[in-house]
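Colleague: Before I use these labels at the bench, I would like to hear how each of them was reached. Could we go through them one by one?

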Amino acid sequence: MEQSEPTRRRALWALGAAGLAAVAAGDSAHPTARQRFAAAPATRRRALIHPRARPPAQVPGWTQTPLTAAHQPVRSLHDFLPAAPGNAIALTIDDGPHPEWTPRMLDLLAEHQVHATFSLIGLQVKQFPKLAERIVAAGHQLCNHTMNHPIPFNALSHRRIVSEVTEARVRIADATGITPRFFRSPGGSWSPSIVHTAHGQDMICIDWDIDPRDWARPGIRHITKAMMGCAAGDILLCHDGGGDRSETIKALRTVIPSLKQRGLTFVSL
């Protein structure tokens, strides 16, 4: 039987509360999160757990026509950033922060004056909060990539999906002071439950156009060729976590200047 809207909201509120309680109870390394949440007024605690969804027009450059992001992930840059330059592309970097590869990635991006969007795993942020801070300090955008990166994400229960998204949101915000405005599902697996949960927490679901499958370490030549196949408006996917990312770093050293020479401009989401 389908739940009424008030019943559904109460259920989601309870799930969000459970996720935050788990974060608070299981982490003595971040007492500030517990203290801030416990000391906040009841209205603020409810907002943290289940924020009132706002239209994507709150995101700079967003257009309200059409509002596809409320129902499905965005796969093209110009679908939600029409004000971006016509030659713009967006580089997204998933699965960090990682103590070895994230600093190398940040150094490479700084060298080429490129801003990217980092899809952060909450568990990684918990282990390496200073790296998450460094990403923000360098001017990059943040994206929620769940707490534990479970795969296949769309096969999980709605309760687990809400917990994964909520806990990562709190962890990232506590470490960086920034609440992510974007969400990417692990493995690019989507469902109405996932999109609804992310949108209910004021996040836009982001997919990609170009996937070089660098996570599988297919070789520098393969990664380079795949990424060089991008066109204006594309969202590119690569990784700084989840394993040895030396091939990704080496490929990007060729890809970034080559795409710039082609006349493409890198923008963050």
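Colleague: Where does L156 lie?

Modeller: In this predicted model, L156 lies in the loop between β3 (141-144) and α8.

Colleague: What makes L156 count as partly exposed?

Modeller: Its relative accessibility is 23%, and partly exposed is the class between the limit for buried, under 20%, and the limit for exposed, over 50%, so L156 counts as partly exposed. Leaving aside neighbours within four places in sequence, L156 is in contact with P150 and I161. L156 and I194, which are 38 residues apart in sequence, have their C-alpha atoms 9.6 Å apart.

Colleague: How do you know that α8 reaches about as far as expected?

Modeller: Helix α8, residues 158-176, has 19 residues and reaches 27 Å from its first C-alpha to its last, which is close to the 27 Å expected at 1.5 Å a residue. Just after α8, G177 takes a positive phi of about 80 degrees.

Colleague: And what makes α8 mostly covered?

Modeller: Of the 19 residues in α8, 14 are buried, the word being kept for residues under 20% relative accessible area. For the protein as a whole, buried residues make up 49% of the 269 residues.

Colleague: Why are α5 and α11 called roughly parallel?

Modeller: Helix α5 (residues 101-111) and helix α11 (residues 246-261) pack at an angle of about 5 degrees, with their axes 10 Å apart. Angles under 35 degrees count as roughly parallel, and α5 and α11 are therefore given that description.

Colleague: Which residues of α5 and α11 meet?

Modeller: From α5 they are W101, R104, M105, L108, L109 and E111, and from α11 they are S246, T248, I249, L252, R253 and I256. Sorted by class, this contact of α5 with α11 has 7 nonpolar, 2 polar and 3 charged residues.

Colleague: How many aromatic pairs are there, and why is the pair of F183 and W190 edge-to-face?

Modeller: The count comes to 3 aromatic pairs, where ring centres must lie within 6.5 Å. The rings of F183 and W190 have their centres 6.1 Å apart and their planes at 80 degrees; because planes over 60 degrees apart count as edge-to-face, the pair of F183 and W190 is edge-to-face. Both F183 and W190 are buried, and ring pairs link F153, F183 and W190 into a cluster.

Note on methods:
Residues are numbered from 1 along each chain as its sequence is written. This is a predicted model: local features need pLDDT of at least 70, side-chain atom pairs count only at pLDDT 80 or more; totals for chains, interfaces and linings use all residues. Side-chain values use heavy atoms; hydrogens and water are left out. Helices (H or I, at least four residues) and strands (E, at least two) are DSSP runs, numbered from the N terminus. The expected span of a helix is 1.5 Å times one less than its number of residues. Buried means under 20% relative accessible area, exposed over 50%, partly exposed in between (1.4 Å probe, protein chains only). Axes are lines fitted to C-alpha atoms, for helices over the stretch in contact, and angles run from 0 to 180 degrees between N-to-C directions. Angles under 35 degrees count as roughly parallel, over 145 as roughly antiparallel, 65 to 115 as roughly perpendicular and the rest as oblique. Contact means heavy atoms within 4.5 Å. Ala, Val, Leu, Ile, Met, Phe, Trp, Tyr, Cys and Pro count as nonpolar, Asp, Glu, Lys and Arg as charged, and the others, Gly among them, as polar. Rings of Phe, Tyr and Trp (its six-membered ring) pair if their centres lie within 6.5 Å; planes under 30 degrees apart count as stacked, over 60 as edge-to-face and the rest as tilted.
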